[in-house]
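Here is a quick tour of some helices, loops and cysteines worth a look in your viewer. Keep the structure open while you read.

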Amino acid sequence: MSVIGKNTPRIDGPAKVSGKQQYASDIIIPGMMYAVTLRSPYPHAEILSIDTSEAEAMGAVCLTYEDIIPVIYNERSVSVPAATYRDRTVLPKKARHIGEPIAAVAADTEELAYKAMQALKVEYKVLDAVYEPEEAMKDGAPQLYDKIYFGDEEVIVKNNIGVVRNIDEGDSVGGFARADRIFEEDFELPRIYHCQLETKGCVAAPDTEGGITVWATAQSIHGNRQLLAQTLGLPLSKVNVKKITLGGGFGSSIQVNTVTPICAALAMKARRPVKLLSAREEDFYSHHKYPSKFHVRIGVTNDGVITAAHVKALIDFGAHQIQPMSFMGCVAGWFASLYKYEGNIKFDGVAVYTNKTPCCAMQGYGNPQINFAIESMVDIICNEMGFDPIQFRLKNYRGTGEEFWGQGPTIRSIIKSCGVEESLVEGSKLMEEWATRGKPEDKHGDILTGVGLARGFHCSGTAGPKEGEVIDYSSALVKVNEDGSIDCVTPVMDHGGGTWDALAKILTEVFKVPLNMVGLSPADTKNTGYDVCTHATRGVYCGGAAVYNAAVKCRDKLLEFAGRVMDEHPCHLEIVENEELGQGFIQVKGFPQKGRTIGEVAKIAQINSWGTAMYAESFRQKNCPPCFTTHFVKVAVNTRTGEITIPKVVIYGDCGVAMNPDLLYGQLIGSFNRGLGYVLYENLPHDERTGKLKNNGLLVDYKMPTAVEMPKAENVIVRHAHTYEPTGPFGAKGIGEAALASVQAAIANAIYNATGIRFTKLPITPEIMLKALQEKGLAHK
Amino acid sequence: MSKHDITLNVNGKKYELTVNSNELLLNVLRDKLFLTGSKYGCGIAECGACTILKDDESYFACMVPAVAADGWNITTVEGLADGDKLNPVQQAFIDNSAIQCGFCVPGMVVTSTALLRENPDPDEDFVKDYLRGNFCRCTGYVAMVKSVLDAASKMKEAK
Amino acid sequence: MTTRILATEFDYLKPATLEEALKILSEKENVRILAGGTDVIVKMKVAGMTCDYLMDVKGIDSLDYAKLDDDGVFHIGALAKLSHLEKNPIVAERYPALKEAFHLMASISVRNMATMVGNICNASPVADSVVPCICYNAILTLASVRGQRTVPIEKFFLAPGVTVMEKDEMLIDVALPQPEANSGAAFIKKTRVRPDIAKISVGVRVVRDGDKANFCRIAMGAIAATPAYLEATSALVIGKKVTPELIAEVAAHAAAAIHPIDDNRTTAEYRVAIAEVLTKDALTEAWRNAGGEL
């Protein structure tokens with residue numbers, strides 16, 4: 001029986017519950033040294049000198065700017081080089097944010113390494129720092145960079161402006177002119193932190209042939225390998241990055257983690273294996289989600305048609321570029337793809353350097369940010385103009401047959417599957433309180449309740465029909481063993497969402513074998529073709545497609561062998577399931593009388609020296625289909641304390657065919673929890689005097705919702721839309737990042753429904769809520 | 001800094017070793033006993049990734065100097081299963097699809113095991129409250145809470 | 001600062017008796033006491049705390065108790081763990097506000113490790129167990145080689161992390177008098193998420209005489225440099241008939257009496273605003289628990 005669409009226990013479940021699953025941080029190699037980094041205590045300072053003598057006298061190996069090859073790079077390499085800004089080296093001559101690694105030491109124990117690190121003597125020239133993008137753009141503000149590179153071109157940085165990105169399509173002037181009403185709002189979303197539970201880390205082991213083997217917290221082993229080869233000055237063939245389970249990603253390891261090239265360089269210098277694991281307080285300073293400010297204008301006619309929209313974005317991306325350029329392109333794309341706007345859209349984005357932690361993708365790459373703005377605007381429009389929020393969305397959304405921007409303006413494809421209508425209509429029935437939610441002015445009491453709606457999406461991968469700014473393909477090798485079991489070697493990463501289980505299921509479906517006959521082999525950069533990265537919700541849709549295509553070609557080869565065995569033409573043969581035999585059975589199409597198991601055919605091929613039924617290839621998808629989500633959220637606002645709780649949520653996901661519904665629901669519920677954090681709790685304020693994070697990088701002052709803050713299990717209602725993505729492996733597309741996109745606006749819209757207060761800035765803490773209630777005369781004592 | 005000969009009883013096995021006074025139990029378990037199931041997540045008793053059992057009670061190994069654990073009976077996640085037979089909580093985490101990246105899972109199943117020893121018949125609120133010190137960024141907890149309740153009912157049936 | 005290791009170096013000492021421990025405190029310099037470790041280890045990792053000697057007192061079995069004496073006073077020893085106290089039937093019956101405070105602290109694992117005495121000695125302005133202890137008129141016993149002395153808990157704290165304890169002293173016992181008949185108490189704590197240090201905590205205990213209160217203690221955490229006993233606010237209740245109007249007046253007085261600060265957890269403004277709400281709720285609950293009607 002097919003396992004596609006069925007709940008099957010996670011393949012890695014037993015290893016993960018028994019503590020036997022190995023993560024990069026668990027790698028221990030005999031003779032291994034432990035490394036510690038020295039982090040800049042200043043937000044902006046030139047490093048004049050580093051005296052390592054005392055540390056070396058303690059037996060430590062030290063790495064400073066002097067020891068590294070000064071390759072200038074961008075940690076994130078999923079965009080083509082010509083669309084990539086480069087501004088950093090493995091270790092800097094100038095620190096540009098607090099917590100930036102400026103040297104590293106390795107010693108026999110972590111305690112000794114730390115002591116040696118403290119013995120490094122650094123001479124700094126402290127410079128003025130700037131923290132807010134508006135300040136950074138002013139003439140005379142401290143400048144983080146003089147010049148950087150765009151592709152191979154040198155770029156002079158003026159006023160700390162890292163990237164400007166303007167997109168103008170259709171006729172927005174005309175569109176606004178046709179509108180009966182124009183709505184305009186400012187939105188602001190905070191810096192937050194991935195808080196993947198495994199802190200970023202690396203183990204690097206030099207070999208006797210001048211090469212190096214690396215285990216790193218990584219969403220892309222090939223991205224790591226390519227950068228390491230560059231920064232170590234080695235041929236790619238001398239650098240092997242091993243695929244290993246990752247303790248949470250959320251985008252934090254799309255780019256090569258800052259510590260990884262440091263660890264590798266240190267290991268090469270020490271000629272010994274080195275382990276470098278970030279402490280949590282270091283990890284807190286390594287990457288954040290992009291804080292975003294938007295000014296949004298939307299024009300609407302009296303009969304509920306959106307005629308034009310204009311978004312201005314101001315992005316503070318911190319001290320290094322981890323692709324704010326493609327980030328802004330994506331923000332524009334998410335915005336452009338939410339509604340039709342009669343094709344009239346305008347986007348003006350500016351991204352600015354500040355002396356803060358560099359920002360990178362974090363589940364959604366701008367999507368949760370801009371979705372909050374647009375879906376809040378839609379709620380404002382519906383409230384002000386009296387439109388039904390579901391009908392208004394159905395009238396204006398981009399669905400089947402419309403163009404979808406999968407990764408900014410250069411990656412587009414036509415939507416071929418869409419569960420938006422089902423999600424909105426059926427979701428509103430599951431949230432019974434939706435119909436009776438009432439208006440804010442009718443609500444009274446100490447506890448005000450409200451229901452909010454928002455919808456969103458994300459791309460499934462970044463592989464449009466035409467290649468654009470973003471690289472997207474994957475590789476896989478598939479072979480049929482001589483007993484009918486299947487091996488697959490692929491570099492595609494799984495961060496816990498269940499990608500690997502989905503890949504295994506794809507193989508079972510092609511070869512009609514049970515799940516336990518399929519294995520994903522250990523993989524590394526030496527034995528696999530390139531895979532860009534598990535990012536952009538592309539694991540199943542793109543990585544799975546590579547596995548599918550390799551599997552199909554491997555099957556064709558097997559059928560050719562079978563044709564020889566069975567005196568048939570392969571075109572007449574098929575593989576069918578045979579539960580009794582426990583493996584795939586090859587027969588003449590529709591006629592089971594004459595047949596062989598796939599294992600028998602593989603074995604005969606082997607002993608006759610015909611060869612192994614195997615196939616390896618790299619494969620690019622040719623679409624970037626949206627996966628959709630819809631959230632109906634009920635909130636309860638305590639007017640005495642400002643506390644907001646969530647009694648109930650209905651979540652609809654559209655991922656095409658769900659490979660494993662339970663894992664899909666896990667993605668949707670987990671994302672709801674993170675959205676709850678984004679809306680109600682999380683923020684990373686900096687001390688304006690010192691540039692330090694106010695929480696000092698400690699979890700004690702970065703609170704995320706726990707089990708207690710979640711609604712009761714029976715009130716977390718999750719469904720998936722019944723769609724089939726024709727271009728996906730067995731109808732599948734993605735879900736991961738979409739799952740977060742609409743959480744934020746749904747909660748904020750529910751708070752509006754409860755209180756009549758519109759929040760356009762996150763987070764909405766009890767302090768902020770209570771103050772707003774007081775100002776509106778709604779606070780009780 | 002003083003050095004100490006200590007004995008740790010971990011997962012039913014006796015380990016005699018010498019530690020410096022400032023070595024942490026978590027690091028000793030991981031780096032000297034190679035029991036890497038217990039994880040470092042925050043180092044300050046905020047995340048629960050390093051949860052172990054001392055006798056039947058859950059402790060955070062990141063908060064304990066190894067020397068102070070001399071003579072303790074410790075169970076780490078590696079000691080929960082009986083050979084390949086997972087304990088009911090571990091099995092329930094698999095059955096209820098409560099696992100994603102899995103990095104919190106060792107601490108989560110250790111805490112949940114302690115929970116069921118303390119209260120074999122918990123309700124949802126009890127479970128949520130008990131797990132509040134174990135942080136998971138992936139799952140949103142719902143499936144984990146269901147897993148513990150499921151394990152409780154399976155254990156009751158088995159009796 | 002590093003949370004991965006203990007970077008500071010010290011000698012580890014493990015006395016088996018109180019006498020031995022007090023001798024160490026009197027003879028050696030720069031000794032830190034390790035009981036549960038959940039405060040001291042964190043401070044060593046992140047707050048630059050160092051010591052020459054880390055004295056593990058967990059070997060002093062005589063300090064591990066929670067028991068009634070002949071006069072009906074409940075004594076909690078220095079090694080009594082928070083989770084054990086939380087489950088102690090005497091705590092549940094006599095000191096429910098304290099039980100609630102224990103339950104709301106941190107996580108089960110921290111409560112399995114941490115002691116109540118450690119929570120008090122940490123001298124945080126937020127210490128959850130202190131607030132109800134003030135309401136319950138707790139008396140602390142400090143011991144040194146020079147002898148013992150007692151201090152009412154509200155007089156114990158001087159500043160964040162600073163107490164009246166001399167460097168050779170150890171807090172060995174917390175004595176909680178038996179609450180009077182018709183007494184009721186409540187403890188309310190507001191946090192960001194459930195496992196958290198308080199933004200503000202309020203404890204109230206009243207003793208009812210008919211429709212009047214003849215005793216009241218209101219205490220708050222996280223609103224001043226030390227856990228605070230709001231004596232003047234409490235005095236407003238004593239001898240009065242307890243009514244919703246009186247409760248509202250007392251709550252407003254409490255909010256006016258405090259001068260909190262902004263910190264990572266909340267703002268001064270919010271603390272003042274909900275001090276009033278929480279005082280009202282806690283006083284109402286305590287009064288009802290004392291059998292009072294409103």
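Some vocabulary before the helix pairs: angles between axes under 35 degrees count as roughly parallel, over 145 as roughly antiparallel, 65 to 115 as roughly perpendicular, and the rest as oblique. The axes themselves are lines fitted to C-alpha atoms, for helices over the stretch in contact, with angles running from 0 to 180 degrees between N-to-C directions. Helices (H or I, at least four residues) and strands (E, at least two) are DSSP runs, numbered from the N terminus.

A word on provenance: this is a predicted model, where local features need pLDDT of at least 70 and side-chain atom pairs count only at pLDDT 80 or more, while totals for chains, interfaces and linings use all residues. Residues are numbered from 1 along each chain as its sequence is written, chains are lettered from A and ligands numbered from 1 in the order in which they are written, and side-chain values use heavy atoms, with hydrogens and water left out.

**Helix pairs**

Between chains, helix 19 (residues 766-775) of chain A meets helix 11 (residues 268-289) of chain C: their axes come within 10 Å and cross at roughly 65°. Helix 19 of chain A and helix 11 of chain C are therefore roughly perpendicular. Their crossing is left-handed, a label used if the near helix is turned anticlockwise from the far one by less than a right angle, with right-handed used if clockwise.

Inside chain A, helix 13 (residues 499-511) and helix 14 have axes that come within 9 Å and cross at roughly 30°. So helix 13 of chain A is roughly parallel to helix 14 of chain A. This crossing is right-handed.

**Three helices of chain A**

For the spans in this table, the expected value is 1.5 Å times one less than the number of residues.

| Helix of chain A | Residues | Expected span | End C-alpha distance |
|---|---|---|---|
| Helix 14 (residues 539-566) | 28 residues | 40 Å | 38 Å |
| Helix 6 (residues 221-232) | 12 residues | 16 Å | 16 Å |
| Helix 9 (residues 324-338) | 15 residues | 21 Å | 21 Å |

Helix 14 of chain A has a kink of about 25°, centred on A545(A); the bend at a residue is the angle between axes fitted to the seven residues ending there and the seven starting there. Even so, the end-to-end distance of helix 14 of chain A agrees with the expected span. After helix 14 of chain A comes D567(A), with a positive phi near 55°.

How covered are these helices? Buried means under 20% relative accessible area, exposed over 50%, and partly exposed in between (1.4 Å probe, protein chains only). In helix 14 of chain A, 21 of the 28 residues are buried, so the rest of the structure largely encloses it. For helix 9 of chain A the count is 15 of 15, so that helix is largely enclosed too. Helix 6 of chain A is mostly covered, with 10 of its 12 residues buried, including H222(A), R225(A) and L228(A).

**Cysteines**

How many disulfides turn up over all chains? A search of the whole structure finds zero, taking a disulfide as a pair of cysteine sulfur atoms within 2.5 Å. Why is C382(A) unpaired? Its closest cysteine sulfur, in C418(A), is 18 Å away, too far for a bond. C533(A) is in no disulfide either, the nearest cysteine sulfur being that of C360(A), 11 Å away. Both residues are tucked inside: C382(A) is buried at 4% relative accessible area, and C533(A) is buried at 0%.

**Backbone oddities in loops**

Between helix 18 (743-755) and helix 19 of chain A, the loop holds P763(A). A cis peptide bond joins L762(A) to P763(A), with omega about -5°.

Two residues that are not glycines have positive phi. F250(A), at about 60°, sits in the loop between strand 14 (239-242) and helix 7 (259-270) of chain A, and is buried at 14%. S97(B), at about 50°, belongs to the loop between helix 2 (88-95) and helix 3 (105-118) of chain B, and is buried at 13%.Also in chain B, T76(B) lies in the loop between strand 5 (73-75) and helix 2, and is buried at 0% relative accessibility. The C-alpha atoms of T76(B) and L53(B) are separated by 6.4 Å, with their positions 23 residues apart along the chain.
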